[in-house]
Amino acid sequence: MNLNITGHHVEVTEALHNYVTSKLERVIRHFDLVTNTTVILSVQKLNQKAEVTVHVRGKDIYVEAESADLYAAIDLMIDKLDRQVVKHKEKTYDHGRDALKRQSVET
């Protein structure tokens, strides 16, 4: 997996990098077909914003979250991303099962 973490108007420290990496491992555990991940951390006046784009086979999943604290924004972003990745995984696996059920019914 290729991971790219950038910051807009904020310096990405080693602590932030490690925090984002450890949180993303939870998502990778659900879905191991992730090829590229881009994380953008930004500050806009009083709001801290975290965005992530995860490229999986056949789809790009984009999530963003805002909060007064950057670590809280990262946590919200990871929770949203986790739900979307699990939903995508269920759709791809359910689609294949329906085809198998139809074949067994037809025969």
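Is H9 buried or exposed? With a relative accessible area of 75%, H9 is exposed. The residue sits in the loop that runs between strand 1 (2-8) and helix 1. Its backbone is also notable in one respect: although H9 is not a glycine, its phi is positive, at about 65 degrees. A second residue invites the same kind of description. K45, likewise not a glycine, has a positive phi of about 55 degrees. K45 is placed in the loop between strand 2 and strand 3, and its relative accessible area of 83% makes it exposed.

These two loops belong to a predicted model. The average pLDDT of the protein is 85, and 87% of the residues score at least 70. Among the elements, strand 4 has the highest mean pLDDT, 94, whereas helix 2 has the lowest, 77. Where pLDDT is low, the predicted coordinates should not be read in detail.

The overall architecture may be taken next. The protein contains two helices and four strands, and along the sequence these follow the pattern β-α-β-β-β-α. Of the contacts with a separation of 6 or more, 46% are between residues 24 or more positions apart. Buried residues make up 29% of the 107 residues. The protein exposes about 7000 Å², of which carbon and sulfur atoms supply 51%.

From the surface the description passes to the interior. The largest nonpolar core comprises 23 residues, and V20, V39, L41, V52, I74, M77 and L81 are those with the most contacts inside it. Two or more residues of this core come from each of helix 1 (14-30), strand 2 (34-44), strand 3, strand 4 (59-67) and helix 2 (70-106). Helix 2 gives the largest share, seven residues. I74 offers a view of the surroundings of one core residue: apart from its neighbours within four places in sequence, I74 is in contact with L16, Y19, V20, L41 and A50. Two of the residues in that list, V20 and L41, are in contact with I74 and are also named among the residues with the most contacts inside the core.

Charged side chains add a further set of links. A search of the whole structure finds five salt bridges. One of them joins D75 to K23, with the closest N and O atoms 3.5 Å apart. Because D75 lies in helix 2 and K23 in helix 1, this pair ties together parts that are 52 residues apart in sequence. Both partners are partly exposed: D75 has a relative accessible area of 27%, and K23 has one of 26%.

Another salt bridge is formed by the side chains of D79 and R26, at an N to O distance of 2.8 Å. This pair too links distant parts of the chain, since D79 is in helix 2 and R26 in helix 1, 53 residues apart. D79 counts as partly exposed at 34% relative accessibility, and R26 is partly exposed as well, with a relative accessible area of 26%.

A salt bridge of another setting involves K49, which has its place in strand 3 (residues 47-56). The side chains of E51 and K49 meet at 3.9 Å, N to O. Are these partners buried or exposed? E51, at 15% relative accessibility, counts as buried, and K49 is buried with a relative accessible area of 12%. Elsewhere, salt bridges that share partners join R26, D79 and D82 into one network.

What surrounds K49, leaving aside its neighbours within four places in sequence? K49 is in contact with I40, L41, S42, Q44, E64, A65, E66 and L70. This list includes L41, a residue that is also in contact with I74 and is one of those with the most contacts inside the largest nonpolar core.

Taken together, the views given here connect the interior with the charged pairs. Helix 2 supplies the largest share of the core, and D75 in helix 2 is paired with K23 in helix 1, as D79 in helix 2 is with R26 in helix 1. Helix 2 is also the element with the lowest mean pLDDT, 77.

Methods
Residues are numbered from 1 along each chain as its sequence is written. This is a predicted model: local features need pLDDT of at least 70, side-chain atom pairs count only at pLDDT 80 or more; totals for chains, interfaces and linings use all residues. Side-chain values use heavy atoms; hydrogens and water are left out. Contact means heavy atoms within 4.5 Å. A nonpolar core is a set of buried Ala, Val, Leu, Ile, Met, Phe, Trp, Tyr and Cys residues joined through side-chain atoms within 4.5 Å. Buried means under 20% relative accessible area, exposed over 50%, partly exposed in between (1.4 Å probe, protein chains only). A salt bridge is a side-chain nitrogen of Lys or Arg within 4 Å of a carboxyl oxygen of Asp or Glu. pLDDT is the predictor's confidence in each residue, from 0 to 100. Accessible areas come from the Shrake-Rupley method with a 1.4 Å probe; for residues, only the protein chains shown count as cover.
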